[in-house]
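User: Hi, I'm new to reading protein structures. Could you walk me through this one, step by step?

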Amino acid sequence: MTQLDTNASAPHTSFKPGFLGPFRARRLPYVILLLVLALVPGELGGLTRELMLDAYFQVSVFVGMTLLVFYGSERLFKYNIGSALQNAKMAQVPLAALLGTTPGCGGAVVVVAAYSSGHVGFGAVVATLTATMGDAAFLLIATRPDAALVVLPLSFVVGVLSGWIVDKLNIVPPATDPTKVISPVRIGALRKRDLLFLVIALPGFVLGVLQLLQSPLYDQVPFTLLGAIGLAGTFLGLLIWSLSPLQAMTNAADTPTTRMAEETSFISVWVIGAYLAYDYLVLFTGLDLKDAFQTVAPLLPLIGILVGFIPGCGPQVLVTTLYINGALPFAALIGNAISNDGDALFPAIAVNPRSAVLATLVSAVPALIVAYGFYILAPGFMTP
């Protein structure tokens with residue numbers, strides 16, 4: 001998500017409105033497919049629209065408002081997280097873990113960027129990558145806040161301990177290449193689609209809160225209005241994502257509204273995909289994933305950890321979705337939360353692949369201990 005430019009001499013990439021990059025070219029078929037599925041008559045189309053509304057009101061609007069508050073306060077108070085990290089000294093590892101625990105990938109990316117320029121140690125990188133749950137944290141907070149209250153603090157503690165142990169053992173990976181500073185594309189002026197996204201998200205957030213509180217007021221809202229707001233917000237987000245020159249991370253120089261619209265759209269794409277993947281599988285196969293997974297129950301925590309090795313947030317959102325639907329135990333969720341690095345692994349690989357691999361492998365050790373600790377000692381803990 002957000003990323004600090006830790007090298008003042010590194011030029012920012014500028015956005016050229018007429019340029020259609022390869023990433024966007026690959027995104028268009030996905031957007032068209034979702035549009036077609038939503039318009040299909042009958043059960044399939046109805047299910048698709050229902051899941052899109054769930055993703056929007058249960059996750060997207062909360063992500064959007066959280067990011068708007070975070071980036072708005074960052075701009076208002078003009079604080080620099082990277083500088084705070086560099087000057088933290090003994091508190092560097094706990095601060096890095098705290099940034100990693102922050103929902104989304106922004107905090108972890110900041111730490112990785114600071115490491116690439118030599119401003120933080122390897123223990124801080126291990127701490128933030130161990131503590132981060134990536135974009136899946138937004139989904140868990142919005143749908144299972146009780147589980148999030150356990151997963152996020154526990155990930156923070158494990159991240160701090162892991163970082164301190166790495167520093168104590170003086171594990172030093174190969175030096176980073178200071179010329180490989182990742183600088184996200186700067187979009188520039190506030191766009192109309194960003195403002196429109198915010199205008200739709202504001203009433204969407206109110207409706208999402210009413211739904212979360214199970215308020216009688218929510219039941220009185222006409223379904224046509226719910227559908228209009230939810231689907232408009234969903235497809236505007238898909239449009240923003242399909243036209244975006246970014247790869248999930250936004251530039252700190254852009255406006256908070258632009259950053260919110262871009263990053264919320266990116267996260268929403270993964271959430272929609274995870275929601276549809278689960279329910280489509282049930283619809284077309286009739287398979288009960290919970291019963292199917294029980295046949296390999298002892299391996300589920302390990303599977304969650306191994307999925308966490310995959311860079312990016314998509315697979316991790318899917319694991320969280322499976323947990324929310326009761327298909328995976330809490331042990332698999334916590335193992336995945338500790339082992340996964342989210343989008344922060346991409347800049348880490350770009351800067352120093354060996355360091356990235358080493359940090360990921362180090363995080364697997366506490367993931368195995370904690371995941372199988374829950375599986376053996378508290379197998380029914382936080383079962384959906």
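User: Is Thr320 buried or exposed?
Analyst: Keep in mind that this is a predicted model. A residue counts as buried when its relative accessible area is under 20%. Thr320 comes out at 0%, so it is buried.

User: Which helix holds Thr320, and which residues does Thr320 touch?
Analyst: Thr320 has its place in helix 15, which covers residues 314-324. Leaving out residues up to four places away in sequence, the ones Thr320 touches are Met133, Ala136, Leu139, Leu140 and Leu333.

User: Stepping back, how many helices and strands does the chain have?
Analyst: The chain has 384 residues, and 53% of them count as buried. As for secondary structure, the tally is 18 helices and zero strands.

User: What share of the chain's contacts between residues at least 6 apart in sequence join residues at least 24 apart?
Analyst: Here we set aside pairs that sit fewer than 6 places apart in sequence. Of the contacts that remain, the share joining residues at least 24 apart is 84%.

User: How many cavities of 30 Å³ or more are there, and what is the volume of the largest?
Analyst: Rolling a probe the size of a water molecule over the atoms shows where empty space is left. In this structure, three cavities reach 30 Å³ or more. The largest has a volume of about 80 Å³.

User: Which elements give two or more residues to the lining of that largest cavity?
Analyst: The lining has 13 residues, with Ser60, Gly233, Thr234, Ser268 and Ile272 nearest the centre. By class, seven are nonpolar, six are polar and none is charged. The elements giving two or more residues are helix 2 (43-77), helix 11 (223-243) and helix 12 (256-285).

User: And the second largest cavity: which residues lie nearest its centre?
Analyst: This one holds about 70 Å³ of space. Its lining has eight nonpolar, three polar and no charged residues. Among these eleven lining residues, the ones nearest the centre are Val112, Tyr115, Val125, Ala348 and Ser355.

User: Helix 18 gives residues to that lining too. How far does helix 18 reach from its first C-alpha to its last?
Analyst: Helix 18 covers residues 353-377, and its buried residues include Ser355, Ala359 and Phe374. With 25 residues at 1.5 Å a residue, 36 Å is expected. The reach in the model is close to that, at 36 Å.

Terms used. Residues numbered from 1 in each chain as written. Predicted model: local features only at pLDDT ≥ 70, side-chain atom pairs only at ≥ 80, totals over all residues. Heavy atoms only, no water. Helix = DSSP H or I, 4+ residues; strand = E, 2+ residues; numbered from the N terminus. Buried < 20%, exposed > 50% of the residue type's maximum accessible area, 1.4 Å probe, protein only. Contact = heavy atoms within 4.5 Å. 1 Å grid on protein atoms, 1.4 Å probe; cavity = no way out; pocket = protein on both sides within 12 Å on 5 of 7 lines; lining within 4 Å. Points joined across faces, edges and corners; volume = space filled by probe spheres on them. Nonpolar A, V, L, I, M, F, W, Y, C, P; charged D, E, K, R; others polar. Expected span 1.5 Å × (residues − 1).
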